[in-house]
Amino acid sequence: MPSQPDQPDHSSQPSQPADRVARIQAQWRRERPDLDVAPQAVIGRLHRLAARLSAELAVVYRQYGLGEGEFDVLAALRRAGAPYERAPGELAAHTMVTTGAMTKRIDRLERAALVTRRPATDDRRGRVVALTDAGLRLIDEAFTAHMRNEHRLLAHLSTEEARALQDLLTAWQHRLDGAEGGGGATGGAAGGATGDGAG
């Protein structure tokens with residue numbers, strides 16, 4: 001099979017030891033020299049980082065008796081400002097899950113007395129979900145610990161590196177969203193789709 005022209009190798013910096021992604025790339029280059037596998041250097045590492053970050057963030061959620069989904073709901077309510085309430089459909093849109101999945105999350109939080117449901121004052125047919133006093137206290141404590149955890153994780157990068165990474169990821173996300181009409185296969189990857197878990 002004819003080989004493609006040489007492509008830039010983004011698998012690792014010379015000073016970095018070969019990691020799992022670099023080894024996988026080397027194997028594919030050997031087996032399929034006709035293909036450019038350079039994207040694996042970026043996307044493969046992002047997949048591995050997303051899994052690692054999700055696991056690291058979940059440690060804090062569990063300390064407060066929460067899963068990622070419950071944390072996202074409480075955070076979305078807290079960000080709404082007083083009186084800390086949203087309609088279930090609005091919560092589903094903010095966290096990018098189905099209404100059925102949102103109902104299950106709300107049920108669990110209601111059983112834990114962290115949220116309450118009540119009729120909407122401006123729509124007799126609608127209902128809203130609101131933080132209870134206990135829910136407000138819990139999410140404030142949990143979010144403080146969550147941000148401390150995120151600072152710990154980012155401390156492995158310098159301020160300049162973190163800012164450059166932020167700019168690159170933001171630009172990439174905007175271009176992908178624009179190319180796909182603002183949609184695409186979005187969902188809870190590293191720490192929740194709302195951005196509360198992801199930072």
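The paragraphs below lead from the whole chain to its helices, its nonpolar core and two loop residues.

This is a predicted model, in which local features need pLDDT of at least 70 and side-chain atom pairs count only at pLDDT 80 or more, while totals for chains, interfaces and linings use all residues. Residues are numbered from 1 along each chain as its sequence is written, and side-chain values use heavy atoms, with hydrogens and water left out.

The chain contains seven helices and three strands, where helices (H or I, at least four residues) and strands (E, at least two) are DSSP runs numbered from the N terminus. Along the sequence these elements follow the pattern α-α-α-β-α-α-β-β-α-α. Of the 199 residues, 29% count as buried, a term that stands for under 20% relative accessible area, with exposed meaning over 50% and partly exposed lying in between (1.4 Å probe, protein chains only). Taking contact to mean heavy atoms within 4.5 Å, one finds that, among contacts between residues at least 6 apart in sequence, 60% join residues at least 24 apart.

Helix H1 (residues 20-31) has 12 residues and, at 1.5 Å a residue, should span 16 Å, which agrees with the 17 Å between its end C-alpha atoms; the expected span is 1.5 Å times one less than the number of residues. Its buried residues are Val21, Ala22 and Gln25. They cover an arc of only 95 degrees around the axis, which puts them on the same side of H1, the arc being that of the directions from the helix axis to the C-beta atoms. These buried residues pack against H2. At the N-terminal end of H1, Asp19 acts as a cap, with a side-chain oxygen 3.3 Å from the backbone nitrogen of Val21.

Helix H5 (residues 99-111) can be read in a similar way: its 13 residues should span 18 Å at 1.5 Å a residue, and the end C-alpha atoms are indeed 18 Å apart. Within H5, Met102, Arg105, Ile106 and Leu109 are buried. Viewed down the axis, the buried residues of H5 fall within an arc of 100 degrees, so they line one face of the helix. An α-helix has 3.6 residues a turn, so residues three or four places apart point the same way. The face of H5 turned away from the buried side carries the exposed residues Lys104 and Arg111, and just after the helix Ala113 takes a positive phi of about 65 degrees.

The largest nonpolar core (buried Ala, Val, Leu, Ile, Met, Phe, Trp, Tyr and Cys residues joined through side-chain atoms within 4.5 Å) has 24 residues, and those with the most contacts inside it are Leu66, Leu74, Leu91 and Val115. Two or more residues come from each of helix H2 (39-63), helix H3 (68-79), helix H4 (88-95), H5, strand S3 (123-131) and helix H6 (133-154), with H3 giving the most, six residues. Leaving aside neighbours within four places in sequence, Val115 is in contact with residues including Leu74, Ile106, Leu109, Val129 and Thr132.

Thr132 lies in the loop between S3 and H6 and counts as buried because its relative accessibility is 18%. The side chain of Thr132 reaches the backbone oxygen of Ala113 at 2.7 Å. Pro83, by contrast, is found in the loop between H3 and strand S1 (85-86) and counts as exposed, at 52% relative accessibility. Pro83 and Leu131 are 48 residues apart in sequence, yet their C-alpha atoms are 8.0 Å apart in space.

Notes. Polar contact = N/O pair within 3.5 Å; in protein donor to acceptor, adjacent residues only side chain to side chain.
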